[in-house]
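Please open the model in a viewer and keep the sequence panel visible. The tour below proceeds from the whole chain to individual elements and residues.

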Amino acid sequence: MACCSCSSSSRIFPRILILSLVLFSFATAPCAAGRVTMSVYYETLCPFCSGFVVNDLARIFRDGLSPVVDLRLVPFGNGRVSPDGSITCQHGEEECQLNAIEACVIRLWPDAEQHFPFINCIEHLALTQKWNAWQSCFQETGLASQPVMDCYNSGYGTQLQLQYAAETNALQPPHQFVPWVTVNGRPLGDDYTNFEAYICRAYDGELPEACRGKHLAIAQQTRASRGGKRNPQKLAILLAFCIAVWF
């Protein structure tokens with residue numbers, strides 16, 4: 001009987017050791033990286049907004065951060081919606097028109113790699129007080145003009161504006177100024193030009209080159225604090241399943 005007991009134990013202990021190693025590998029493996037969502041609430045003829053788009057936001061594409069970021073542009077800003085559904089923009093009717101045009105471009109070409117050059121073109125013209133030449137951005141970026149004009153003339157651009165108005169007005173906490181920037185829903189407040197650091201801090205995958213130096217230190221510190229931890233309940237279920245199958 002003693003020999004039987006000893007033989008059974010000699011089979012069980014190695015199995016437990018193997019299971020432990022498997023579970024340890026699962027628990028310490030990094031979680032799958034998810035893209036960071038960055039939302040920018042702005043209006044087309046606001047000088048601070050135009051400056052941010054042209055001088056700062058373009059760094060996402062120039063510095064190689066675009067593969068890890070879902071960039072959402074929301075052109076409405078400090079506009080107001082009347083009870084009858086009409087929209088009043090802070091910088092007048094021309095801003096309402098350009099907000100709607102940009103909304104149409106974003107809807108027609110949802111990929112930021114495609115629509116951002118057009119938005120950047122308009123905002124660059126706004127910075128130089130030449131926004132009336134906005135149609136030149138079609139030729140500059142290669143986007144087709146007819147779908148955009150159809151979107152705008154049909155009133156669909158206004159519908160998109162009303163959707164953006166509802167989203168902007170539902171922000172918690174409410175936006176205090178424009179541009180109002182959030183990263184994964186967290187408002188950056190006055191530190192919005194430092195958005196790259198917040199993106200690097202939020203990203204769980206292999207850090208791109210733009211996150212080197214200061215940004216890398218911020219990201220590593222935050223990642224260490226959360227540790228890519230696994231759910232203990234899921235580990236317990238996995239352990240029970242492995243034991244049931246093994247034995």
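**The whole chain**

Begin with a cartoon of the entire protein, in which 11 helices and six strands can be traced. The model is predicted, and its mean pLDDT is 83, with 72% of the residues at 70 or more. Of the 247 residues, 40% count as buried. If a surface is displayed, it represents about 13500 Å² of exposed area, 57% of which is supplied by carbon and sulfur atoms. Among contacts with a separation of 6 or more, 69% are between residues 24 or more positions apart.

**Confidence**

Colour the chain by pLDDT next. Where pLDDT is low, the predicted coordinates should not be read in detail. Select residues 21–32, over which pLDDT stays under 50; the model has 15 contacts for this stretch beyond four places in sequence. Then select residues 219–232, where the pLDDT is also below 50 and the model shows 23 contacts beyond near neighbours in sequence.

**Helix H2 and its cover**

Select helix H2, residues 47–57. Eight of its 11 residues are buried, so the rest of the structure largely encloses H2. Show the side chains of the buried set: Cys49, Ser50, Gly51, Phe52, Val53, Val54, Asp56 and Leu57. What should be added to the view to see the cover of these residues? Strand S1 (36–42), helix H3 (59–62), strand S2 (69–75), H5, S5 and H9 are included in that cover.

Within H2, centre on Asp56. Is this residue buried or exposed? Asp56 has a relative accessible area of 17%, and is therefore buried, the cut-off being under 20%. Apart from neighbours within four places in sequence, Asp56 contacts Gly51, Thr193 and Phe195.

**Helix H9**

One of those partners, Phe195, leads to helix H9, residues 195–202. H9 is mostly covered, with six of its eight residues buried. Select Phe195, Glu196, Ala197, Tyr198, Ile199 and Cys200 to display the buried residues of H9.

**Leu127 against H2**

Move to Leu127, which is found in helix H5. Leu127 is partly exposed, with a relative accessible area of 34%. Which residues does Leu127 touch, not counting those up to four places away in sequence? They are Pro47, Ser50, Gly51 and Val54. Of these, Ser50, Gly51 and Val54 are among the buried residues of H2. A distance label between the C-alpha atoms of Leu127 and Phe48 should read 9.1 Å, although the two residues are 79 apart along the chain.

**The crossing of H4 and H8**

Two packed helices are described by the angle between their axes and the distance between the axes. Select helix H4 (residues 93–108) and helix H8 (residues 156–169), whose axes come within 8 Å and cross at roughly 90 degrees. That angle makes H4 roughly perpendicular to H8. From H4, show Asn99, Ala100, Ala103, Cys104, Ile106 and Arg107; from H8, show Tyr156, Gly157, Leu160, Gln161, Gln163 and Tyr164, which together make the contact. Colouring the contact by residue class gives seven nonpolar, four polar and one charged.

**Backbone details**

Most residues other than glycine have a negative phi, and most peptide bonds are trans. Four places on this chain are worth a visit in that light.

- Follow the chain past H8 to Pro173, in the loop between H8 and strand S5 (180–183). The peptide bond from Gln172 to Pro173 is cis, with omega near -5 degrees.
- Continue to Pro179, which also lies in the loop between H8 and S5. Here the peptide bond from Val178 to Pro179 is cis, with omega near 0 degrees.
- Beyond S5, select Asn184, in the loop between S5 and strand S6 (186–187). Its phi is positive, near 50 degrees, though Asn184 is a residue other than glycine. Asn184 is partly exposed, with a relative accessible area of 45%.
- Finally, go back to Gln129, in the loop between helix H5 (112–127) and helix H6 (136–141). Gln129 is not a glycine, yet has a positive phi of about 60 degrees. Is Gln129 buried or exposed? With a relative accessible area of 59%, Gln129 is exposed.

Terms used
Residues are numbered from 1 along each chain as its sequence is written. This is a predicted model: local features need pLDDT of at least 70, side-chain atom pairs count only at pLDDT 80 or more; totals for chains, interfaces and linings use all residues. Side-chain values use heavy atoms; hydrogens and water are left out. Axes are lines fitted to C-alpha atoms, for helices over the stretch in contact, and angles run from 0 to 180 degrees between N-to-C directions. Helices (H or I, at least four residues) and strands (E, at least two) are DSSP runs, numbered from the N terminus. Angles under 35 degrees count as roughly parallel, over 145 as roughly antiparallel, 65 to 115 as roughly perpendicular and the rest as oblique. Contact means heavy atoms within 4.5 Å. Ala, Val, Leu, Ile, Met, Phe, Trp, Tyr, Cys and Pro count as nonpolar, Asp, Glu, Lys and Arg as charged, and the others, Gly among them, as polar. pLDDT is the predictor's confidence in each residue, from 0 to 100. Buried means under 20% relative accessible area, exposed over 50%, partly exposed in between (1.4 Å probe, protein chains only). Accessible areas come from the Shrake-Rupley method with a 1.4 Å probe; for residues, only the protein chains shown count as cover.
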